[in-house]
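Please look over the sequence and the structure below before reading on. The briefing that follows takes up the nonpolar core, then an internal cavity, then one polar residue.

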Amino acid sequence: MGKSAARAGDVQLASDAVNALDRLGKDRWGNKGKIATIATQAIKGANSFSKQNRPEETRALLDLAQSIQKFQGREKPTLRYRFVRWNAKRRLLKDIEIRAEQGNMEAFRSAMKLASAYAKEDGRELKPGELAKIKKLYISAMKNSVVRALDDANSPLSGKMGYVNPEEAASRYLYAMETHERLAQRGVKVSTGLFHRSVKSKFAAVRAGLIKAQESGAHEVKRPGFVKRVLQKLFVAEHKRTQVGIAPVDSKWMARQQRAQQAEMERMSAQQGGEAMFEGAADGATN
């Protein structure tokens, strides 16, 4: 169970298996070998996930393998662990570039955090050239996130996801509009690329869909076009295909929106309290 869980990426189940083997402890030598085998399978699973552009699962399995090796008294990780970690760290830049192209800001920031964690563990700081490349990728991710947000806003409106949710579409439309304005202030132009409509037409389509949803209250739920799915699978690279699921809303943008709403509510409550005091004073002077 521990070996299969480690290869599949189930860190919790693999950890439970290690704890169970340690508690049993009937054959110390045999148990030590079994626990070491689970660590080896975790390293193999991490190597497989790193090739599939899944850096978070790779990191979790590497941490599991390292914790098992430390538990068994090995301070310095094995050579296989160090090789797989080096390979995963080397491929992480490619993962960051792919997520920048996809426009998923949450996944992009997650990969950036992993890169920073690897650098801190190695006891070094990012070089000026690396920082410049990261800044360029961040701008690219922001630009692509505008287009991705508009496409994701259109999906719940048209019913392609199997449900209709105008509120979810409105939040993504608002994010796309504000991000587009911020980039325009910095002199960055957002374009959709070859064979795509302009961003202006995408904004108009989502806006029309939101208005229609408010007026009618529902849309006809339909599946995505079959021909489009087949053509994308045959001729478009995997990381550039239209994503099946929609990207989560940028958490930093959501936090900024919540702070702005809270400040506005506090301002309105303070204003209402001041008006009430003014009316009370006026009534007292009249009496």
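**Core, cavity and a polar residue**

In this predicted model, the largest nonpolar core holds 55 residues, and the members that touch the most others are Ile38, Ile96 and Phe108. Helix α7 gives this core its largest share, which comes to 11 residues.

**The nonpolar core**
- When residues up to four places away in sequence are left aside, Phe108 touches Ile96, Arg99, Ala100, Leu137, Tyr138 and Ala141.
- Phe108 and Ile96, which are in contact with each other, are both among the core residues that touch the most other members.

**The cavity**
- The count of cavities of 30 Å³ or more comes to 1, and the largest cavity encloses about 110 Å³ of space.
- Its lining is made up of 13 residues, and those that lie nearest the centre of the cavity are Ala149, Tyr175, Ala247, Pro248 and Val249.
- Helices α7 (128-158) and α8 (166-185) each contribute at least two residues to this lining, with the largest share, 4 residues, coming from α7.
- By residue type, the lining of the largest cavity divides into 6 nonpolar, 3 polar and 4 charged residues.

**Asn31**
- Asn31 belongs to helix α3, which covers residues 28-51, and it counts as buried because its relative accessibility is 10%, where buried means under 20%.
- The side chain of Asn31 makes a polar contact with the backbone oxygen of Leu21, at 2.9 Å.

Definitions and conventions
Residues numbered from 1 in each chain as written. Predicted model: local features only at pLDDT ≥ 70, side-chain atom pairs only at ≥ 80, totals over all residues. Heavy atoms only, no water. 1 Å grid on protein atoms, 1.4 Å probe; cavity = no way out; pocket = protein on both sides within 12 Å on 5 of 7 lines; lining within 4 Å. Points joined across faces, edges and corners; volume = space filled by probe spheres on them. Nonpolar A, V, L, I, M, F, W, Y, C, P; charged D, E, K, R; others polar. Buried < 20%, exposed > 50% of the residue type's maximum accessible area, 1.4 Å probe, protein only. Polar contact = N/O pair within 3.5 Å; in protein donor to acceptor, adjacent residues only side chain to side chain. Core = buried A, V, L, I, M, F, W, Y, C linked by side-chain atoms within 4.5 Å. Contact = heavy atoms within 4.5 Å.
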